[in-house]
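Please open the structure in your viewer and keep the selection tool at hand. The stops below move from the whole chain to a central pairing of strands and then to some unusual backbone angles.

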Amino acid sequence: MKSLSTAPLPVLRSRVHALFHGVETALFPASCPACGFLPLPPESQWCTQCDDALPWRPLAAGPPSALLTPLRAALDFRAGPTRTLLHHLKYRNRPELAFALGQAAARRFAPPPAHARLVPVPITPDKLKRRGYNQAERFAAGLASVWHVPVDPSVLVRRVQHQSLTELDRSTRLQEAHSAFSLADGAQNRAPGQYWVLVDDTLTTGATLHACAVALTRIRPSGVEGFCVAWAP
Ligand SMILES: [Zn+2]
């Protein structure tokens, strides 16, 4: 192994960076994103106290939709650290929180049928570019890693909307949601009889998931269910 004095400049630079990063981590260990102050246990994305406070919802529930059976949401949005974790995973560049929540949820909820495919609710290309990831896709990847079912992010597309759905009244929101989602190019040729699990971050009125389910009915699925990180009724 070369000594520091004979190493090429880029190697030297990366070793110095690693050295300072190690010192920084030792002096200032990462704190929990949910409570903001307790240290993170090894390999964990939130502290044990926040983990104990996660408000898992024991029963399948949510706003009714005849097309989504069942419609499940793992956590109560308004209790415990859920809201803060969701804020970080959506707006603070923390996709690993969505993955970890997916894994934690998958260990607590029964898996879908073995032949199911998970479909993350798509975000617009513009939002994907700005955020760098789709949080629903990361959540689905976490679920899939425990349930051992595939994630299929290429079946639905979302068109650009000029107004956030949350800013609209209920009937306008339903109309907007229906026109926002459609099958991706070529997806109409998918074989019928597939079982789909739509995956999203926060369930509010259910309009988004319902609109996605309507789009999926065009390829004649054997079943469609919904699974969200949190429910905010
Ligand atoms: Zn915490």
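A residue counts here as buried if 20 or more other C-beta atoms lie within 10 Å of its own, as exposed if 12 or fewer do, and as partly exposed in between, with C-beta atoms placed from the backbone. This is a predicted model, in which local features need pLDDT of at least 70 and side-chain atom pairs count only at pLDDT 80 or more, while totals for chains, interfaces and linings use all residues. Residues are numbered from 1 along each chain as its sequence is written.

Begin with the whole protein, coloured by secondary structure, where helices (H or I, at least four residues) and strands (E, at least two) are DSSP runs numbered from the N terminus. There are eight helices and six strands, and from the N terminus on they follow the order α-α-β-α-α-β-α-α-β-α-β-β-α-β. Of the 233 residues, 36% are buried. Taking two residues to be in contact if their C-beta atoms, placed from the backbone, lie within 7 Å, residues 24 or more positions apart account for 72% of the contacts with a separation of 6 or more.

Next select strand β5, residues 195–203, in which eight of the nine residues are buried. Two strands are said to pair if DSSP finds at least two bridges between them. Add strand β2, residues 117–120, which pairs with β5 in the parallel sense over four bridges, and look for V119 opposite L198 in β5. Then add strand β6, residues 223–231, which runs parallel to β5 and is joined to it by eight bridges; here V197 stands opposite E225 in β6.

Now show helix α8, residues 207–217, which together with β5 and β6 makes a right-handed β-α-β unit. Right-handed means that, with the strands pointing away from the viewer, the path from the first strand over the helix to the second runs clockwise.

The remaining stops concern the backbone. Most residues other than glycine have a negative phi, and most peptide bonds are trans. Select T69 and P70, which are joined by a cis peptide bond with omega of about -5°; P70 is found in the loop between α2 (48–53) and β1 (71–76).

Move on to E43, in the loop between α1 (9–27) and α2, where phi is positive, about 65°, although the residue is not a glycine. Is E43 buried or exposed? E43 counts as exposed because it has 6 C-beta neighbours inside 10 Å.

Finish at N93, in the loop between α3 (82–91) and α4 (95–108). N93 is a residue other than glycine with a positive phi, near 55°, and it is exposed, with 11 other C-beta atoms within 10 Å.
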